[in-house]
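Welcome! Here are some exercises to try with the sequence and the 3D structure open beside you. Have a go at each task before you read its worked solution.

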Amino acid sequence: MVSKESCRNEIRAAIRQLSDRCLYSAAKWAGEQLVGIEQDPSNFTPSNTRFQRGSSSIRRRFSTNESISTPQPSVGFSQAATPLPEEDETIDGDLYLLAKSYFDCREYRRASHVLRDQTSKKSVFLHFYALYLAGEKRKEEEMIELEGPLGKSDAINRELVSLERDLSALRRTGAIDSFGLYLYGVVLKEKGNETLAIASLVESVNSYPWNWSAWSELQSLCTSIETLDRLNLNNHWMKDFFLGYAYQELRMHTESLAKYDYLQGIFSFSNYIQAQTAKAQYSLREFDQVEIMFEELLRNDPYRVEDMDLYSNVLYAKEACAALSYLAHKVFLTDKYRPESCCIIGNYYSLKGQHEKAVMYFRRALKLSKKYLSAWTLMGHEYVEMKNTPAAIDAYRRAVDINPSDYRAWYGLGQAYEMMGMPFYALHYFRKSIFFLPNDSRLWIAMAKCYQTEQLYMLEEAIKCYKRAVNCTDTEGIALNQLAKLHQKLGRNEEAAFYFEKDLERMDAEGLEGPNMFEALVFLATHFKNHKKFEEAEVYCTRLLDYSGPEKEKAKSLLRGIRMAQTGFPSMDLEHFPI
Amino acid sequence: MAGLTRTAGAFAVTPHKISVCILLQIYAPSAQMSLPFPFSSVSQHNRLGLYLLSLTKSCDDIFEPKLEELINQLRDVGEEMDAWLTDHLTNRFSSLASPDDLLNFFNDMRGILGSPDSGVVQDDQIILDPNSNLGMFVRRCILAFNLLSFEGVCHLFSSIEDYCKEAHSSSAQFDGSNNDLESLTHYDQMDMEIYAIDKATEELELQKNASGSVPFHLHTPEAIFKVIEGLRVSPKESSRTRKKITEATLVSSASSSTVEDTLVDESLFLRTNLQIQGFLMEQADAIETHRSSSSFSSSSIESFLEQLQNLAPELHRVHFLRYLNKLHSDDYFAALDNLLRYFDYSAGTEGFDLVAPSADCSMYGRYEIGLLCLGMMHFRFGHPNLALEVLTEAVRVSQQLSNDTCLAYTLAAMSNLLSEMGIASASSVLGSSYSPVTSTASSLSVQQRVYILLKESLRRADSLKLRRLVASNHLAMAKFELMHVQRPLLSFGPKASMRHKTCPVSVCKEIRLGAHLISDFSSESSTMTVDGSLSSAWLKDLQKPWGPPVVSQDSGSRKSSTFFKLCDHSVSIPGSVSQLIGASYLLRATSWEFYGSAPMARMNTLVYATLFGDSSSSSDAELAYLKLIQHLALYKGHKDAFAALKIAEEKFLTVSKSKILLLKLQLLHERALHCGNLKLAQRMCNELGGLASTAMGVDMELKVEASLREARILLAAKQYSQAANVGHSLFCTCHKFNLQIEKASVLLLLAEIHKKSGNSVLGLPYALASISFCQSFNLDLLRASATLTLAELWLGLGSNHAKRALDLLHGAFPMILGHGGLELRARAYIFEANCYLSDPSFSVSTDSDTVLDSLRQASDELESLEYHELAAEASYLMAMVYDKLGRVEEREEAASLFKKHIIALENPQDVEQNMA
């Protein structure tokens, strides 16, 4: 059992310790969770309420319900509470104070130098951490300076070698604390030694679970569910955060949603959880819900840039131009040199049909962050729109090489090749994308269309694909119609009738009308008439009579034929006789 | 890439290039002297120039040589003045103390270039022409330096420091692996080495004075190496091993944690783009030709390619190389992945532009080439159906984009696919495919489609002047003419005349056309690789004499040897061309084999094996070996053949889809049949039949062969009716699948069966039919053997036909004796004797020599063949003749021979043990 109070106390202490070690992003994350915990009634100050007032009425209702049924048995929450480590020195050394201020001014090398002979754990960690960051900073600079003729960028963090040597020495003597283990893990990961890195990070989070940076490093190393399952982690509420995140990255969205749902019991106001939930919902294509969540998130935290690219994708999908431009303007004012901002602006231009500008912004996003996956994919989409297929293929391929499980990019590759009239070649890519997202009807339909092209004309395979699409709850209703038509084309009228009926049911349920409807009705009417099931045929004919146009005439003649047949006339084709 | 920024082909200044610039300054100093200072002769001066030229062109690796390697090479080039050269080089480097010095250095470099408008050149003046190769190099260096930002200059400066440092630390590093700390400290100092070199040169001079000759291997580093290691390691070898070590550490970077590793990692500089491309092309050739030999490991190539990819992620050709490598190491998924990646990134425009310089379709990329490659890959991995689909798409896309070159290649690939797939499996595939090209021919048989495709491809290739494709198409056409019996192409159905025939003239014509076009390959070959490999060969040659102590006094002879080597290299033909020529010889051999001239077949195979053995693909080389072994088996007996087979097995068993096993089974089967070990023969035959039906499809020809062999076994076991049944069904199969040539041999077999069963009258029509088949297909040897059978049948009708039989035999004798194998010849001899003996007008006593001669011949030949049945017959006849003549001793001898053979025939067990 974990009470909100103990959580709060743990986090408060952790924030202090994390910021003492200049692990700012972890401290930031912890701070977000701290205020995400439902309000502490004891120190109920107006400023606090103001902070939480922004939450929407839905959320409010939801949360009050929860607080009424307060003593909820929160199973599985951290059983063995990890004791908070005591600080090894109560009074910080002078040199430490100086170093920390250097650090805060981003003069890492200077900070590291000041602490070179210090022995207290905090100073030792800060010494190494500053050194590491100095190397990273230099590396980033070199990356631009050293861009070779063939894209060679061999810039490396030059401090890694010495850091690894010193940290492993520390570890051998046992003088390393959990923060040191975290840094050691990061260094090992950069050097490509993943198994050791995982071991080191696991040790770090087991002894000090509140360091979110360590958890996220660990997540980036868990590329498969097997590695995730093999981790030997102590139970702690931080582990649930970690699992939710890891599940999400492994595309196990429902599992991750369950985790977040669960965590919301304590951190009911956490923006982080809300954003993550929105992300998962986005992957499940619940756009309306996601939009609401993001709107709420922005109301609580108007200057947030993180995850806003996702929101822009939703707005793009919903073609909400105005909202997208508003969002773009807002992030632009907040921080225009973030990859997310550039991506949002790119999305906006793309929606407006100004693809060249969109490409420019996606490029900028990539300049800011080379591994920014979705920018590559989106850029590929833009090039497709601009009919520059080779460039599109190149962009998609880069996305795929960064993350091989990016089904959108695989799909894009398939589409591009199909556009160039190479459907057989495209099939391989569609297969790849389906492999990563097997229950998405759009992908199956795309593949079926590929089989259906006149060059391939492999209708049996197309039918198989459409069947899969139907099983995946095809929302646009293409698959049923196509299935019926294909069967009709192949002369299998029974199957065709079955699928036309199903399609008709679907259209009735959704209240749609259109040429598909007429087609289905005409086919069904003639089909049943030919099979002497006059009652069914009549039903369909009368439905057709409701509409005007040639279908009505057709229905009339069909009805006449039915009457004739029913009254026992020889079943000759009476339509040809002028009556 | 169309939309993305790309700076491929850019030229970066590296420390190595600065070294070359320094040397160029020495070579052509701005001060106008007729012969610059350190050079004592014009030839020396030229030698340095040649060396510098090769340095800028050579492509034996992707990395630029390190300073140490450069100095080593300089020692060879510089001869007497090597010390001065290296001194100057190192001093020049150490004088670069700040970025400003670099700036001044490049300003100075400008001075050595002659101005383009200086029309008047004095006779002895040395000026670097700005448009010459070296001049261009200097200009590019200067330009690249001028484009550098200040950060870039700083990086260059620090990498120069590393470059110089490493020249010394790398040798120390090597020693470090021996844990010889003492030598490490000894060797760490730069001054120390200079001192050592000085000492060495002193020593050299001393020796020169003493004996007038300089031992070449004697220079300091090696001397020290020797001391350290206690064994002779030439510097070249040691540098090799060191390279391996660094490579290994680079690959296993997971465990790399020492300082040295990162040092090595940082100081790798890639050569210029063209040099790398040339090197990659060489590697591609190597992958194709040496995939079977054990010295060539695909994993080492893979690791090297990985490294290159890390260093140059925008060099997409690497992906293609990886694809090739994976293709040849039979890794389907990796090959597919790399192929797709290559075409995704490069759109097929990188690398292929060297082959087909038409740039008209660059807007859309050249994805049709990707399809072509994919199709060929599927084919290689045994997915003919997929391959056909992909190739069909390639045809369509290249038609769409009007890329005729690709279309020609695709059609050729398709016809190759169809002809190799075998007939049974192909017919089902073609039904489903839909293609503008193939659909026109949907009613035609597979052979006719192959023919049409080939014709189309040939026509396009001819108009596009793709000489290699034209040549290979001619060869394929010759093969087709050889394999398939011609019918009038457009008139089909029961009414059309069904006269089949082959046309050796057209085969010959096609082969000659193919070979003829190859002769002017030079217009197509890329000069880049030839140039580059020439240069690297020259550079390598510098180091060759290091192994054995070569005396420098006779440097004249050394030079001449390099000269010859250079000549050798410069006329070297691109690998693909020589492969094609080789294939034409192989095809010639096969066609002679078909038409029945063994000596010609053997000669052509030998020509192939000796001249094209090195450059050939391993499957072709294997085929040549197989042919030679088959020849041995037929003409020299099985013992020799098996000995040769053993050698071939060691060489070729690693080749995928090896035919060695097939040959072994065939040989074993024949031998078992000869020895009368029918059980073994049956087993071999069954295995052969198993090989015919692979997962890829049924090889009809092999299948027919297997049942032919089965019928032979039944015949040998005297199961005549069963054998006849097999023969009949076999004939039906051949007819069904249009295997015209096999029909002739099946008919002959049927005749044999009837002959053996004593039913000569029934056999006659079969023999006659076989003869007429052979006649129309020009199968001379088979015809001779059919004539022999016919004669035997006549004799079987009664001794009054002996005269006629003898006449027939004598008509066929020239062919049999000239081209026939041991067995056929022996049979002919025995039969001749038989004829004489059964001729009532022939008297043994007066004309015994005619009979005895041929019998002796026969038994000699059968001895080496171990054919007991016939040998027994021969010795029996001999004994009879001797008996008639009253020569008792010789009769006894022949009789004992007869007994020996009969016993061997009846107890095949121990023979088998010998064989095993």
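**Exercise 1. A phenylalanine and its surroundings**

Which residues does Phe304(B) touch, not counting residues up to four places away in sequence?

Solution. Keep in mind as you work that this is a predicted model.
- Step 1: Find the residue. Phe304(B) sits in helix 14 of chain B, which covers residues 298-311.
- Step 2: List its contacts. Leaving out residues up to four places away in sequence, Phe304(B) touches Ile62(B), Phe279(B), Leu280(B) and Gln283(B).
- Step 3: Decide whether it is buried or exposed. The cut-off for buried is under 20% relative accessible area. Phe304(B) has a relative accessible area of 11%, so it is buried.
- Step 4: Try a distance too. Phe304(B) and Glu151(B) are 153 residues apart along the chain, and 30 Å separates their C-alpha atoms.

**Exercise 2. Two more residues to classify**

Find the helix that holds Gln25(B), then do the same for Leu263(A), and decide whether each residue is buried or exposed.

Solution.
- Step 1: Gln25(B) belongs to helix 1 of chain B, residues 15-27.
- Step 2: The relative accessibility of Gln25(B) is 15%, so this residue counts as buried.
- Step 3: Look at what lies against it. Beyond four places in sequence, Gln25(B) touches Arg92(B), Phe105(B), Asp108(B), Met109(B) and Ile112(B).
- Step 4: Turn to chain A. Leu263(A) is part of helix 14, residues 253-263, of that chain.
- Step 5: Leu263(A) has a relative accessible area of 0%, so it is buried.
- Step 6: From Leu263(A) to Val470(A) the C-alpha distance is 35 Å, with their positions 207 residues apart in sequence.

**Exercise 3. Checking the length of a helix**

Does the span of helix 28 of chain A agree or disagree with 1.5 Å a residue?

Solution.
- Step 1: Helix 28 of chain A has 18 residues, 493-510.
- Step 2: The expected span uses one less than the number of residues. For this helix that gives 26 Å.
- Step 3: The end C-alpha atoms are 25 Å apart, so the two values agree.
- Step 4: See which residues are hidden. The buried residues in helix 28 of chain A are Ala496(A), Ala497(A), Tyr499(A), Phe500(A), Asp503(A), Leu504(A), Arg506(A) and Met507(A).
- Step 5: Find their cover. It includes helix 26 (459-471), helix 27 (478-489), helix 29 (515-530) and helix 30 (534-545) of chain A.
- Step 6: Move past the end of the helix. Gly511(A) follows helix 28 of chain A and has a positive phi, near 65 degrees.

**Exercise 4. An annotated repeat**

Which residues of chain A does the UniProt annotation "repeat: TPR" cover?

Solution.
- Step 1: Read the record. The unreviewed UniProt entry places this annotation on residues 339-372, 373-406 and 407-440 of chain A.
- Step 2: Inspect residues 373-406 of chain A, which are 79% helix and 0% strand, with end C-alpha atoms 9 Å apart.
- Step 3: Inspect residues 407-440 of chain A, where the span is 79% helix and 0% strand and the end C-alpha atoms lie 11 Å apart.

**Exercise 5. The nonpolar cores**

Which members of the largest nonpolar core touch the most other members?

Solution.
- Step 1: This core has 165 residues, and the members with the most such contacts are Tyr417(A), Tyr425(A), Leu280(B), Tyr323(B) and Met377(B).
- Step 2: Ask which element contributes most. Helix 29 of chain A does, with nine residues in this core.
- Step 3: Look for a separate core. Apart from this one lies another core of 75 residues, including Ala14(A), Ile15(A), Leu201(A) and Leu243(A).

**Exercise 6. Whole chains and confidence**

How many helices and strands are there in chain A, and how many in chain B?

Solution.
- Step 1: Chain A has 31 helices and zero strands, while chain B has 43 helices and two strands.
- Step 2: Check burial. In chain A, 53% of the 579 residues are buried; in chain B, 51% of the 916 residues are.
- Step 3: Check confidence. Chain B has an average pLDDT of 71, and 66% of its residues score at least 70.
- Step 4: Note a weaker stretch. Over residues 352-362 of chain B, pLDDT stays under 50.
- Step 5: For the complex, the predictor gives an ipTM of 0.73 and a pTM of 0.71.

Notes. Residues numbered from 1 in each chain as written. Chains lettered and ligands numbered in written order. Predicted model: local features only at pLDDT ≥ 70, side-chain atom pairs only at ≥ 80, totals over all residues. Heavy atoms only, no water. pLDDT = per-residue confidence, 0-100. Contact = heavy atoms within 4.5 Å. Helix = DSSP H or I, 4+ residues; strand = E, 2+ residues; numbered from the N terminus. Buried < 20%, exposed > 50% of the residue type's maximum accessible area, 1.4 Å probe, protein only. UniProt positions renumbered as here; feature names shortened; annotations may be inferred. Core = buried A, V, L, I, M, F, W, Y, C linked by side-chain atoms within 4.5 Å.
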